[in-house]
2 protein chains.
Amino acid sequence: MKIAVDAMGGNLAPDHVVIGAAQALKSFTEADSLVLLGDKSVIQASCEKLQISHQLFELHHAPEVIGIDEHPTKALAQKQHSSIAEGFHLLKNKEIRAFCGAGNSGAMQMGALFSVKPIEGVIRPSLAGLVPKEDGGYALLLDTGANTDVRQDVLLQFGELGSIYAANMMGIENPRVALLNLGKEEGRGTLFTQAAYQLYSGSSKVNFIGNIDGSDLFNNKADVIVCDGFTGNVASKMIEAFYDLLKKRNFLDDFFTRFNYEAVGGSPILGVNGNVVVGHDASSPEAIKNMILLAYRMAETNFYQKIKVAFGD
Amino acid sequence: MKIAVDAMGGNLAPDHVVIGAAQALKSFTEADSLVLLGDKSVIQASCEKLQISHQLFELHHAPEVIGIDEHPTKALAQKQHSSIAEGFHLLKNKEIRAFCGAGNSGAMQMGALFSVKPIEGVIRPSLAGLVPKEDGGYALLLDTGANTDVRQDVLLQFGELGSIYAANMMGIENPRVALLNLGKEEGRGTLFTQAAYQLYSGSSKVNFIGNIDGSDLFNNKADVIVCDGFTGNVASKMIEAFYDLLKKRNFLDDFFTRFNYEAVGGSPILGVNGNVVVGHDASSPEAIKNMILLAYRMAETNFYQKIKVAFGD
């Protein structure tokens, strides 16, 4: 099985990627390989400096880099030999089983949408994040930023996509799906969440448990928490901010430690024709390692094909 | 100066209200009085049980109660002699200078909208909350739940309303106003936040500093944080959830202690013809005390009139 990572992705690339990749490799089998995408000479220089043999990896030369502040769509169109564009070429051509990267997250999302493309039947692929539950494990939160303006049918699909992920990747049987709302009662929320509530109530594809609100995020009422990408982005960034505040004060127990995005590594994109994980631009080697291992597990599970099957493609 | 509180408001009313009201009275001057609204005999019985003289207060008989789960608009129309409806009658007739209550928050908001009514020029009055800043003080977050679907002109007004509150009630000179968004760059966000960004950039009424994201909520970049009521509600309930998690673990330092809504007491409604504060339904006596004192300070500042003047009414 072949997995690829953007070696130029993240504020401290390629060094953090090289270190994280070497650590991730320890969980790979002999039959697996890890492709590092980027300028070969730059990657090799980093490997040499870090005393990590570049021969551990398969290097795929991609001379261009998309900067973190570049306009995603423009940069992707103009830099066809960037590490991100090359990664999606490989994924599209089935030369790799999963692609992950901690670079320009907009470009990662655009690549997923316009290169490997949405699965037939999926209106809007979604970027998912994990929210730690106080009594163990995680809930899946989606969307966390790929889709700001969403209609009720999109909100319903997020629940379907999330359920497939929770069942196949998180081992949760019959995952409980909730709509994140500003009150628990039916009829609360925006026009779209009210309409989504009705669609969910009539759906046989998801185990819908109703509305939850912001105070329920950590209490294990739901396994899959659905909202628009604006709200989900604010919520997941608040969790990050909260972790930083805790860490600074040394207030970390088993539960609060799981607020650290590094332990998760990245956000999967659900609903495209390939396994894609988007990492955090400030990724540490530990975060990179976990991002690669998440991509590995998605490949191992044949994750995106599960969605294809469920959507009848 | 006469302030009124809904004695029947909150899960543990009237007892918590009576205790909190007696504590708040200690900060009142001789010329001030505090009106308790509710069934006189019920309030008197509570006072007797708690060994607090009911003669400390002015009791205003309101025999009906709006339950926490009742439909706000219907209940308010049907129960004209409820403590909430009576409170707004008094406020409308200028018999009191401020009204506060921790009962059905929808009914409190509906009363503000349909009884004392929005100030001329205010499209949508807003429910504001406080977010603690790590280096001291609070930022004002609005809207926190009164307005779920908002247009760009409403988002702009939230910034104007919030600036007037921050300047007059929080003592912040030339308050910095930011749009809560899913990225800091211009052009990010929903169609409405993108359009709001443009309106803000052209406005001379607010000190607009641009977009912030969820990771900036506690870091003192802004004094007034503007968002739709859906996002703001999720964010403020997450802050409550964080506080509960911290308290359970005894992880409370000076900063995290300020995550406690009890220290703030309630959320002011900005943009109606009267000073109104909405409390939390689980209010402790401490929370009730602080809600009353917030209402008192709004009355003392002539707060709602400042908005009338600013909006040219």
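User: Before anything else, what does contact mean here?
Analyst: Contact means heavy atoms within 4.5 Å. The model is a predicted one. In chain A, 71% of the contacts with a separation of 6 or more are between residues 24 or more positions apart.

User: How many helices and strands in chain A?
Analyst: Chain A has eleven helices and eleven strands.

User: And is it as compact as a globular protein of that length, or less so?
Analyst: As compact, because the radius of gyration of chain A is 19 Å, close to the 20 Å that the globule rule gives for 313 residues. Along the principal axes, the C-alpha atoms fit a box of roughly 60 × 50 × 35 Å.

User: What about the surface of chain A?
Analyst: The accessible surface is about 12100 Å², and carbon and sulfur atoms make up 49% of that. Of the 313 residues, 60% count as buried.

User: Charges next. How far apart are the mean positions of the positive and negative ones?
Analyst: They are 1 Å apart, taken over 27 positive and 35 negative charges in chain A.

User: Switching to A:Leu161. Buried or exposed?
Analyst: A:Leu161 is buried, because its relative accessibility is 0% and buried means under 20%. A:Leu161 sits in helix H6, which covers residues 152-169.

User: Which residues does A:Leu161 touch, leaving out those up to four places away in sequence?
Analyst: A:Val122, A:Arg124, A:Ser126, A:Leu270, A:Gly271, A:Ile307 and A:Phe311.

User: Where is A:Leu182 relative to A:Leu161?
Analyst: A:Leu182 is 21 residues from A:Leu161 in sequence, and their C-alpha atoms are 23 Å apart in space.

Note on methods:
Residues numbered from 1 in each chain as written. Chains lettered and ligands numbered in written order. Predicted model: local features only at pLDDT ≥ 70, side-chain atom pairs only at ≥ 80, totals over all residues. Heavy atoms only, no water. Helix = DSSP H or I, 4+ residues; strand = E, 2+ residues; numbered from the N terminus. Rg over C-alpha atoms; globule rule 2.2 N^0.38 Å. Buried < 20%, exposed > 50% of the residue type's maximum accessible area, 1.4 Å probe, protein only. Areas by Shrake-Rupley, 256 points an atom, 1.4 Å probe, with all protein chains shown as cover. Lys, Arg positive; Asp, Glu negative; His and termini not counted. Charge placed at Lys NZ, Arg CZ, Asp CG, Glu CD.
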